[in-house]
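Student: I would like a close look at a single part of this model, namely its salt bridges and the residues that take part in them. Please go through them slowly and in connected form.

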Amino acid sequence: MEILMFIFIFISLTQHGDAHGPEGCNHEGGLCRVGNCISGEYLARYCFEPIILCCKSLSPTTTKS
């Protein structure tokens, strides 16, 4: 019975609101975090609403050539 509840919760989280999953977050330069974004990051959207957030850095990252 616990497994069924877990599956139901997981499905409801993936189907809820503006949840796009971790692939889209990572593709756009964000990281999925549970609870809150860390200092220096902002909430861009949700990986799995409302628990797992897609956080992006406030300052743009630079790459060396």
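Tutor: In this predicted model, a good place to begin is Lys56, which is buried because its relative accessible area of 17% falls under the 20% limit. The side chain of Lys56 meets that of Glu28 in a salt bridge, with an N to O distance of 3.6 Å. This pair links distant parts of the chain, since Glu28 sits in the loop between H2 and S1 while Lys56 belongs to strand S3, residues 52-57, and the two are 28 residues apart. Glu28, for its part, counts as partly exposed, at 44% relative accessibility.

Glu28 also meets the side chain of Arg45 in a salt bridge, here at 3.9 Å from N to O. That pair, too, joins distant parts of the chain, with Arg45 in strand S2 and Glu28 in the loop between helix H2 (22-27) and strand S1 (31-34), 17 residues apart. Glu28, Arg45 and Lys56 are thus linked in a network of salt bridges.

Arg45 lies in strand S2, which covers residues 41-48, and is buried, with a relative accessible area of 14%. A polar atom of the Arg45 side chain also lies 3.1 Å from the backbone oxygen of Gly24.

A further salt bridge is formed by Glu41 and Arg33, whose closest N and O atoms are 2.8 Å apart. Of these partners, Glu41 counts as buried at 17% relative accessibility, whereas Arg33, at 23%, counts as partly exposed. The count of salt bridges comes to 3.

Note on methods: Residues are numbered from 1 along each chain as its sequence is written. This is a predicted model: local features need pLDDT of at least 70, side-chain atom pairs count only at pLDDT 80 or more; totals for chains, interfaces and linings use all residues. Side-chain values use heavy atoms; hydrogens and water are left out. Helices (H or I, at least four residues) and strands (E, at least two) are DSSP runs, numbered from the N terminus. Buried means under 20% relative accessible area, exposed over 50%, partly exposed in between (1.4 Å probe, protein chains only). A polar contact is a pair of N or O atoms within 3.5 Å; within protein, one must be able to donate a hydrogen and the other to accept it, and residues adjacent in sequence count only if both atoms are side-chain atoms. A salt bridge is a side-chain nitrogen of Lys or Arg within 4 Å of a carboxyl oxygen of Asp or Glu.
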